[in-house]
Amino acid sequence: SPPQALGHGEWFKLICGASNQDAPQVRDLALIYVLAGVDCIDCSADPAITAAVLEGISKALELDPYARRPLLMVSINDDQDPHFRKAAFDATRCPVDCPRPCEPSCPVAAISTKGVDTARCYGCGRCIPVCPLGLIVADSYVRT
């Protein structure tokens, strides 16, 4: 059980990303990790995201009735946690001839010529150091 795993120091936790608002991705991660034996899934407190996690858990338990139901943990932003951030930049300031190294650096394809898709961005920060002009910043993300 998850509490026993924690007690034995064998805790396996999936951290979906406190700012991750990509419900289909979170659902799929939850499904895969439940099948892999995860003890806990940590996700955004957004009701749509927690519902996606629960949907992934249910689907995993349908596929494997012997799989363990993990604990569900939700992360709430107090505006001090650096994990609650999203990339931001003004796409109109990006030069036409820019090689755009930010785009391939993003693991969820949240960056395009239009800017940052905040629903997909989960705040990993990989795009920030690769911008040759330093146009990308990390904005604190507060769910209202």
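Which pattern does the chain follow when read along the sequence? In this predicted model, the order of elements is α-β-α-β-α-β-β-α-β-β-α-β. The chain thus described holds five helices and seven strands, and its largest nonpolar core has 15 residues.

**Overall character of the chain**
- The chain has 144 residues, of which 40% are buried.
- Among contacts with a separation of 6 or more, 71% join residues that lie 24 or more positions apart.
- About 8,200 Å² of surface is accessible on the chain, and carbon and sulfur atoms contribute 56% of that area.

**The largest nonpolar core**
- Within this core of 15 residues, the members with the most contacts are Cys16, Val34, Ile41, Val53 and Ile57.
- Two or more core residues are supplied by each of the elements α2 (23-35), β2 (40-44) and α3 (47-63).
- Helix α3 provides the largest share of the core, with five residues.

**Surroundings of Val34**
- Val34 is one of the residues with the most contacts inside the largest core.
- When residues up to four places away in sequence are not counted, Val34 touches Ile41, Ile57, Ala60, Leu61, Ala67, Arg68 and Pro70.
- Two of these partners, Ile41 and Ile57, are likewise listed among the residues with the most contacts inside the core.

**A second core**
- Separate from the largest core is a second one, which has 14 residues.
- Its members include Cys106, Ala110, Cys121 and Cys131.

Definitions and conventions:
Residues are numbered from 1 along each chain as its sequence is written. This is a predicted model: local features need pLDDT of at least 70, side-chain atom pairs count only at pLDDT 80 or more; totals for chains, interfaces and linings use all residues. Side-chain values use heavy atoms; hydrogens and water are left out. Helices (H or I, at least four residues) and strands (E, at least two) are DSSP runs, numbered from the N terminus. Buried means under 20% relative accessible area, exposed over 50%, partly exposed in between (1.4 Å probe, protein chains only). Contact means heavy atoms within 4.5 Å. Accessible areas come from the Shrake-Rupley method with a 1.4 Å probe; for residues, only the protein chains shown count as cover. A nonpolar core is a set of buried Ala, Val, Leu, Ile, Met, Phe, Trp, Tyr and Cys residues joined through side-chain atoms within 4.5 Å.
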